[in-house]
Amino acid sequence: MSRMPDPLVVLLLVGWVGHAYLWTAQLNYLYARPISKPFLKLWRLFTGLVILGFPLLLAAPFVATKPVPPDQPDWSLFPTQAEWAWMAYMAVCLVFGGVVFPVVTVIRLLRRPPAALVSVRADTLDLWTELGPAVVGNGKYPWVARLPLNDVFRVDFTELTLAVPGLPPVWDGLTILVVTDVHFHGTPARAFFDRVVDEVERRWPTPDLVCLAGDYVDTDEHHSWIGPVLGRLKATEGRFAILGNHDEHHDPERVRKAVVEAGYDLLGNGWKEVAVRGERCTVVGHEGPWFAPPPDLSNVPSGPFRLCLSHTPDNFYWGQRHRVGLMLCGHVHGGQIRLPVVTSIFVPSVYGRRFDCGVFEGGGTVMVVGRGLSGKEPLRFRCRPEVIRITLTRPTAVSDSPRPGRAVD
Ligand SMILES: [Fe+2]
């Protein structure tokens, strides 16, 4: 006969989940802000220790209690201020572990796909199976890249069809290749990226636009990969790029030079008017909050469609306020580790897990958040790297109006 779990053990586990939830939320928030990298690394270590140290926190009041001499009254029955604080924190942990976390998880699981998402389809190419150890390289943590169940070498080629409100009629059928977060540092090896570009050329040889959403390098030595890898991606109408937060740490001016020499229009925190299929449009770059000031759109003509490349999806509401029709983002990598049911955990966004990956829609803006092609830490679980090809289409008359934000992975 199976035994019921001890209620006290269940309570402790729920409290631990709540404790982890709270500390992860603050870490997600801090990682979305332009804060010193050494501090963030230390703080991440501290946060990990605090999360693992929950049993010690739990035992603290009992360990700290001093024995009462027999000739003195026993005041230990009355909580001290520290004990009140301890009990309040435990109550908060129980609420977050037992109510907030399950409710948020269920809401995330029940989210309907946005109306803008007409279709999604992904083919996976397993480059470990195809190329073997040659894909690992000699960058950061190659032993991590080799771990079983690690998805870093299984690349999704994702095809999205999006019905974007306000799309110019001549853009019906326009295709956009989105590549983000290549994080060149040696792992994966050059052979991995070369093979991905080979596959892009084979599947989608002539997109109308190519858009790069930042995070090219994670060392001072890999700027030389930008041209030979990303310069091969061709487009018939235009190629645009912005930088990401990791580029800030490795000579960003050198990154900009390499991206321009690879043939891209580097937008920075700015905008330009271009013609795509003969239709005027405004292409905006947003590299904030790491590069400032944010783009100033006060002089942008009001009529033409606005396409925005933003490294972080945190600029979604900024895009809505500035009448961006389509926003293309990266940065959050889908969280890299996605547990069954729970999905993502660590997502460097001020909105936590809300915009971890997929398609979102709200306030007249459609946003695509790519999971990226790589990462500084070559570890992914149930979160494959991806390259995205978007085909744009005009919404039907009934649905051609702003809709509330919704999402799909
Ligand atoms: Fe990134």
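**Burial, metal and rings**

Reader: Why is His183 called buried?

Author: His183 has a relative accessible area of 0%. Buried means under 20%, exposed means over 50%, and partly exposed lies in between (1.4 Å probe, protein chains only), so His183 is buried. Asp181, at 1%, counts as buried too.

Reader: What should I know about the model before going on?

Author: This is a predicted model, in which local features need pLDDT of at least 70 and side-chain atom pairs pLDDT 80 or more, while totals for chains, interfaces and linings use all residues. Residues are numbered from 1 along each chain as its sequence is written, and side-chain values use heavy atoms, leaving out hydrogens and water.

Reader: What makes Asp181, His183, Asp215 and His333 donors of the iron ion?

Author: Their donor atoms lie 2.0 to 2.2 Å from the iron ion. Donors are N, O and S atoms within 2.8 Å of the metal (3.2 Å for Na, K and Ca), and since water is not among the atoms, sites may look incomplete. The four residues therefore qualify.

Reader: Why is the arrangement around the iron ion called irregular?

Author: The angles between its four donor atoms run from 88 to 176°. Four donors count as tetrahedral if all angles lie between 85 and 135 degrees; four count as square planar and six as octahedral if opposite donors are over 155 degrees apart and all others between 65 and 115; anything else is irregular. The value of 176° falls outside the tetrahedral range, and the set is classed as irregular.

Reader: How do you know that Trp128 and Phe153 are stacked?

Author: Rings of Phe, Tyr and Trp (its six-membered ring) pair if their centres lie within 6.5 Å; planes under 30 degrees apart count as stacked, over 60 as edge-to-face and the rest as tilted. By this rule there are 21 aromatic pairs. In the pair of Trp128 and Phe153, the centres are 6.0 Å apart with 20° between the planes, so this pair is stacked. Trp128 is partly exposed at 35%, whereas Phe153 is buried at 3%.

Reader: What makes Phe192 and Phe193 an edge-to-face pair?

Author: Their centres are 5.0 Å apart and the angle between the planes is 90°, so the pair meets the edge-to-face rule. Both residues are buried. Ring pairs also link them into a cluster with Trp128, Phe153, Phe184 and Trp225.

Reader: How do you know that Arg190 sits over the ring of Trp225?

Author: The charged end of Arg190 is 6.0 Å from the ring centre. The rule asks for NZ of Lys or CZ of Arg within 6 Å of the centre and within 35 degrees of the ring normal, so Arg190 counts as sitting over Trp225.
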